[in-house]
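Thanks for asking me to look through this one with you. Here are my notes, set out as numbered points so that you can follow along in your viewer.

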Amino acid sequence: MDFTENSYEVFQLFNDRWALVTAGTLEDFNTMTIGWGSMGTIWGPPHRGKQVLTVYVSPARYTHSYLEKNEYFTVSFFPEEYRRDLGILGSRSGRDGDKVALTSLTPVAVEHGVDFQEAELSFVCRKLYTHQFEVEKVPQDVADWIYTRVPPHTMFIGEIVEAIRR
């Protein structure tokens, strides 16, 4: 599927607006707020590379296990009015209970996963590749700032199979 007709402000999407990354089924899923992500192309001839979305998740997060065991994940962006809900989903663990119930968000089934009715833009991604960062290969200032407190993040690269606008 080609999404070139749409203009996405990629840097603002992740840095300024945050997102939810979600994996699993409507009956058994987990979601978390992310502020790190990237979009681009990989593994294809010129003008036909796979359009991908990459997210970075700490192995300490409960959602990490859902990303590992599922073939698909979604990345959803919301209007500013849902910032508080994203704050809740980024600061609580699904291990401790139904954190989505603490928000005003409505999970909905989509082909290959779970999205949220209130999302204004979502991407359904088929997982292509994962890799855990190696601290010794991370810039020293980043390692000192982040990886003295938490384990290195895992990179999940997913091919975008559908874009959903509401």
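1. How many nonpolar, polar and charged residues are there in the lining of the largest cavity? Before the count, please keep in mind that this is a predicted model. The lining has five nonpolar residues and three charged ones, with no polar residue at all. You can check this by name: the residues around the largest cavity are Arg17, Trp18, Phe78, Pro79, Glu80, Tyr82, Arg83 and Leu86. By the definition used here, Arg and Glu count as charged, whereas Trp, Phe, Pro, Tyr and Leu count as nonpolar.

2. A word on the volume of that cavity. The largest cavity holds about 50 Å³. The search finds one cavity of 30 Å³ or more.

3. Next comes the largest pocket, with a volume of about 360 Å³. Its lining is made up of 19 residues, and those nearest the pocket centre are Thr33, Gly35, Trp36, Arg61 and His153. Sorted by class, the lining of the largest pocket has ten nonpolar, seven polar and two charged residues.

4. Which elements build the wall of the largest pocket? At least two lining residues come from each of strand 2 (28–34), strand 4 (50–57) and helix 3 (83–91). Helix 3 gives the largest share, with four residues.

5. Strand 2 deserves a closer look, as one of the elements that supply the pocket lining. Six of the seven residues in strand 2 are buried, leaving the strand mostly covered. Its partner is strand 1 (residues 19–25), and the two run antiparallel with seven bridges between them. The connection from strand 1 to strand 2 is a hairpin of two residues. If you want a register mark, Ala19 sits opposite Ile34 of strand 2.

6. Is Ser122 buried or exposed? Ser122 belongs to strand 8 (residues 121–132). Its relative accessibility is 1%, and the cut-off for buried is under 20%, so Ser122 counts as buried. Beyond its neighbours within four places in sequence, Ser122 is in contact with Val75, Ser76, Asp115, Glu162, Ala163, Ile164 and Arg166. With one of these, Asp115, the side chain of Ser122 makes a polar contact of 2.7 Å.

7. Ser122 can also be placed relative to the cavity wall. Arg17, one of the residues lining the largest cavity, is 105 residues from Ser122 in sequence, and their C-alpha atoms are 13 Å apart.

8. Two backbone angles are worth viewing in the loop between strand 3 (37–42) and strand 4, where Trp43 is found. Trp43 has a positive phi of about 55 degrees, although Trp43 is not a glycine. His47 lies in the loop between strand 3 and strand 4 as well. Phi of His47 is near 70 degrees, again a positive value in a residue other than glycine.

9. Are Trp43 and His47 buried or exposed? The cut-off for exposed is over 50% relative accessible area. Trp43 has a value of 52%, so Trp43 counts as exposed. His47 has a value of 86% and therefore counts as exposed too.

How values were computed
Residues numbered from 1 in each chain as written. Predicted model: local features only at pLDDT ≥ 70, side-chain atom pairs only at ≥ 80, totals over all residues. Heavy atoms only, no water. Buried < 20%, exposed > 50% of the residue type's maximum accessible area, 1.4 Å probe, protein only. Contact = heavy atoms within 4.5 Å. Polar contact = N/O pair within 3.5 Å; in protein donor to acceptor, adjacent residues only side chain to side chain. 1 Å grid on protein atoms, 1.4 Å probe; cavity = no way out; pocket = protein on both sides within 12 Å on 5 of 7 lines; lining within 4 Å. Points joined across faces, edges and corners; volume = space filled by probe spheres on them. Pairing = 2+ DSSP bridges.
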